[in-house]
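Colleague: Could you take a close look at one spot in this model for me? I'd like the local picture, and then whatever enclosed space turns up.

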Amino acid sequence: MSESDEEPKIEVKDEKDIKPSTSGSITFPTEAKFSNIKNKHVRGQQFQKYKREQKKAKKEAKKQRERENVPKQTPHTIDSLRVKDETTITSLESDENAIIREDLENDEFSDYYKHSYEPKVLITYADNPMKKTRIFGRELTRIIPNSTSLYRNRSGVKKIVKSAIAKEYTDILVINENRKEPDGLLLIHLPNGPTAHFKVSNVRITTELRKNHKDITAHRPEVILNNFITRLGLGVGRMLGAIFHYDPEFVGQRAVTFHNQRDFIFFRHYRYGFDAEGKKAKLKELGPRFTLKLRSLQKGTFDSKYGQFEWIKDGRRHSMETSRRKFDL
C-alpha cells in the first residue's frame, strides 16, 4: 500500500473532546468548541458565525413570545405599588358608585357641568407682587377664557370675595409668592365655595421656555384632566376644570392638561397639529408650566380662623401612619 492510499490521521488534542456516540463511532467536537481549530483566522471566523447565529436565535425566540402574547414583566415603581385607597373610583357608571354620581349631580360644580353659566375668573396676587408673579398672572389670563387680572391694593381675601360675588365672578385665583417666585395658589369657587390651597413649584413662564406668547391665540382651549382616581381627586379635578369654559374652540388647536402623578398636578399648555393624512399629531408647548400640590380643601369660601376643612395635608414628614406609596388624589 502506497503512502497516498493510507487513511488520514485525526489529531486529537484532548480525549475529553472525543464524544462516543450510541452507535460506537467517534463524533467530532461541537461547533461551540473552537479550540481544535489551529488556524487563528478561521477560528475567529467560526466564532463570529456562532455569535451571529446565537443572536438570530434570540430574536426569533423573542418574536415567538410576542406572537404568543406572553405578558411582559414590568418593573415595579412607586405608582404600580400604590397602596389601595378605599375611595378609588374605577367607573362612575357602575352600580356601586351610584351614591357618588348622586353627590356629583348636587355638588357646587353641578351647575357648571350642566352648562348653566359661563365661568368668569378673577386673578389677583399677594401684596406688592414681584415681576415674575405679575407675568405669571397675566399669562394665566391668556389661557383661562373670560378672566381678569387685578391687583389687591392691600385688600383682604374676604373683602375680595364679597366684591367678586357682587360683580358676578364665579372663581378667584390668588397667587402668593416667596423669594420673588410664585409659591402658592388659592382657588375659591363662588359664591359658596369650596376653597382649595395649592403649593406652586417649578414655575416656568413663557420667556423662560424660550417660547413666543404671540403663538397663544384667543381661542378657548380644550381641558384634559388625567389620573384623578379617588373621591378627593375627582373633586379637585372638577374644581380645576370649572375655571375654563365648557365649550372649547377646536379650531384654535389649543389644549391645557392637568396630569396627576403621586399627588403632584403637572400643568402644561400645548398647541397641536396633524399631518396631511390626519393620523399623526405634533405637540408644541406654549407655556407657562408649573406644578401644583394640594395642601388643603375647605368648605365654603376662604376663612382662615373658623373655616371647616374637608381635607388637610399632614405636614409630618416622618409620621408612622404615612407611607411613600400612599396617595390621596
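Is T230 buried or exposed, and why?

Modeller: Keep in mind that this is a predicted model. T230 is buried, because its relative accessible area is 0%, and the cut-off for buried is under 20%. As for where that is, T230 belongs to the loop between β8 (222–226) and α6 (231–241). Its side chain has a polar atom 3.0 Å from the backbone nitrogen of G233. Leaving out residues up to four places away in sequence, T230 touches R82, D85, T87, T88 and I89, and also D328 and L329.

Those last two names come back when you turn to the cavities. Searching the whole structure gives two cavities of 30 Å³ or more. D328 and L329 both help line the second largest one, along with L232, D263, K293, L294, W311 and K313. So D328 and L329 are residues that T230 touches and that also line this cavity, if you're after a link back to your spot. There's about 50 Å³ of space in there, and its lining counts four nonpolar and four charged residues, with no polar ones.

The largest cavity holds about 100 Å³. Its lining is made of eleven nonpolar residues, with no polar and no charged ones. On the list are the leucines L140, L173, L185, L240 and L292, the isoleucines I144 and I243, and the phenylalanines F244, F258, F267 and F290.

Notes
Residues numbered from 1 in each chain as written. Predicted model: local features only at pLDDT ≥ 70, side-chain atom pairs only at ≥ 80, totals over all residues. Heavy atoms only, no water. 1 Å grid on protein atoms, 1.4 Å probe; cavity = no way out; pocket = protein on both sides within 12 Å on 5 of 7 lines; lining within 4 Å. Points joined across faces, edges and corners; volume = space filled by probe spheres on them. Nonpolar A, V, L, I, M, F, W, Y, C, P; charged D, E, K, R; others polar. Helix = DSSP H or I, 4+ residues; strand = E, 2+ residues; numbered from the N terminus. Buried < 20%, exposed > 50% of the residue type's maximum accessible area, 1.4 Å probe, protein only. Polar contact = N/O pair within 3.5 Å; in protein donor to acceptor, adjacent residues only side chain to side chain. Contact = heavy atoms within 4.5 Å.
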